[in-house]
Amino acid sequence: MTQDPLAPFRGAELAPFANPQATEPPGTLLTAGAIDQAREAICTWPGYEPTPLVALPGLAKAAGLGALYYKDEGGRFGLGSFKALGGAYAVYRLLAGELEKRHGIAPLSGEALRDGGHRALTQEITVASATDGNHGRSVAWGARLFGCRCVIYIHAEVSAGREAALKAQGADVVRVTGNYDDSVRQCAEDADANGWVVVSDTSWEGYREIPGDVMAGYSVMASEIVEQLGEQPPSHVFVQGGVGGIAGTLCDVFHKAWGAKRPRFLVVEPELAACLHASARAGRPAVVEIEEETLMAGLSCGEVSMIAWDTLASGADDFLTVSEDLVAPAMTLLADGPFGDPALVAGESAVAGLAAALAGATAGALGLDETSRVLVIGTEGATDPEIYQHLTGRQAA
């Protein structure tokens, strides 16, 4: 740790792009009924509890902010990330729908699927997904929980630790040459050839329903945040990009909750994988080639999710990028709590939003000042403990 813990963030380049298409209100992604249905289902799952929204007053003061809140998703269902909500919920919805379609069984509750009484039927179904780690882990867990087969595709740069975590959930794992987008394409091709059902967190033309269920699962986290903040919405939200699923969900739910009082919404991506940033600049979905893998593995995406883009194109106020050299300092800052705040374990993809917020705050940019109330999303804990130790020099708690 440097003498000034905020030194790495001072003067950091963010490449901010103010979205000229931002409107009030943004495009609608999820119905109120879909949000309520997801929460009613997920709240009954074993081990459900809201994840903490942690106030960081020491860091806020040091950065020149009025308040800073960190939604810590590291403990979500023991899977280490917010994605535990989405993939598993989509698997549940898929299986309930398939049993109705194939066998005329009225849509079953999650409890009815978990009790094993329909296991002979659900085991006839195979779900497949491509992942950088966290989404696939959720899909595999959901398949195990609700009783179907699961095949997960990972690309060349996914760590051995994350591969092992997938296998521990009972998934068959296929590693492909290339990047995340290559694994998405291979998964889709193999699923079509084998009669499997793809459970993806990204959407494309003609494939929207299942990714919509994934995002409905994510809305549980968004609803928790609304309740945890109560009558005082934040002034700014910094959220990671990736394909746009969590950003689109938060943007939609926060607008529904806070309307005209909704916060300034900033989407943050790695410089090495900024498909949303490129799309905002182009005014339409754009594809970027991943020439070098980012440390922020869960954000290594070159193509946007179409349903997420439908909301972000008009709902996000700013698109930002952060450099690789901010990842380890941000993780270490949270681990050490040098300003008297609670120590937090954050994985590589969890800190992009925090890094951008600190860079903006220390520069007096992005409308940030001592009156700002900032929310950042800690999307994952140490989902690969070896990588966490390598980057921070600390053991994951």
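The following legends describe close-up views of a predicted model.

**View 1. An open sheet of four parallel strands.** The sheet in this view is open and has 4 strands, which follow the order S6-S5-S4-S7 with parallel pairing. Its edges are formed by strand S6 (172–175) and strand S7 (197–198), each of which pairs on one side only. Within the sheet, strand S4 (residues 126–131) and strand S5 (residues 149–154) run parallel and are joined by 6 bridges. One residue to look for here is Val127, whose bridge partner in S5 is Cys150.

**View 2. Helices H6 and H7 against the sheet.** Helix H6, made of residues 134–146, lies across S4 and S5, and its direction is at about 165° to that of S4. Helix H7, made of residues 160–168, also packs on the sheet, where it touches S4, S5 and S6 and makes an angle of about 150° with the direction of S6.

**View 3. Cys148 and Cys150, two cysteines outside any disulfide.** A disulfide is a covalent bond between the sulfur atoms of two cysteines. With a cut-off of 2.5 Å between cysteine sulfur atoms, the count for this model comes to 0 disulfides. Cys148 is in no disulfide, and the nearest cysteine sulfur to its own, that of Cys150, is 6.8 Å away. For Cys150, likewise in no disulfide, the nearest cysteine sulfur is that of Cys148, at 6.8 Å. Cys148 has a relative accessibility of 11% and therefore counts as buried, and Cys150, with a relative accessibility of 6%, counts as buried as well.

**View 4. Strand S9 between strands S8 and S10.** Strand S9 (residues 264–270) is largely enclosed by the rest of the structure, because 6 of its 7 residues are buried. Strand S8 (residues 236–240) runs parallel to S9 and is joined to it by 5 bridges, and Val237 has Phe265 of S9 as its bridge partner. Strand S10 (residues 318–322) is likewise parallel to S9 and joined to it by 5 bridges, with Asp318 of S10 as the bridge partner of Leu266. Helix H10 (residues 245–258) belongs to this view too, since S8, H10 and S9 make a right-handed β-α-β unit.

**View 5. Phe77, Trp141 and the aromatic cluster around them.** A search of the whole structure finds 11 aromatic pairs. One of these is formed by Phe77 and Trp141, which are tilted with respect to each other, at 5.0 Å centre to centre and with 35° between the planes. This pair links distant parts of the chain, for Phe77 is in the loop between strand S3 (67–72) and helix H3 (84–103), whereas Trp141 is in helix H6, 64 residues apart. Both Phe77 and Trp141 are buried. The two residues also belong to one aromatic cluster, which is formed by Trp45, Tyr48, Phe77, Tyr89, Tyr92, Trp141 and Phe146.

**View 6. The stacked pair of Trp204 and Tyr207.** Trp204 and Tyr207 form an aromatic pair that is stacked, with 4.4 Å from centre to centre and 15° between the planes. Trp204 has a relative accessibility of 31% and so counts as partly exposed, whereas Tyr207 is buried, with a relative accessible area of 13%.

**View 7. Ala15 and Leu366, two residues with positive phi.** Most residues other than glycine have a negative phi. Ala15, which is not a glycine, has a positive phi near 45°. Ala15 is found in the segment before strand S1 (17–18) and, at 34% relative accessibility, counts as partly exposed. Leu366 likewise has a positive phi, of about 60°, although it is not a glycine. Leu366 is located in the loop between helix H14 (352–363) and strand S11 (373–378), and with a relative accessible area of 11% it is buried.

**View 8. The surroundings of Ser219 in helix H9.** Ser219 lies in helix H9, which spans residues 209–229. With a relative accessible area of 0%, Ser219 is buried. When its neighbours within four places in sequence are left aside, Ser219 is in contact with Leu30, Ile35, Ala38, Thr249 and Val253.

Definitions and conventions
Residues numbered from 1 in each chain as written. Predicted model: local features only at pLDDT ≥ 70, side-chain atom pairs only at ≥ 80, totals over all residues. Heavy atoms only, no water. Pairing = 2+ DSSP bridges. Contact = heavy atoms within 4.5 Å. Axes fitted to C-alpha atoms, helices over the stretch in contact; angles between N-to-C directions. Buried < 20%, exposed > 50% of the residue type's maximum accessible area, 1.4 Å probe, protein only. Right-handed = clockwise from strand over helix to strand, strands pointing away. Phe/Tyr/Trp six-rings, centres within 6.5 Å; stacked < 30°, edge-to-face > 60°.
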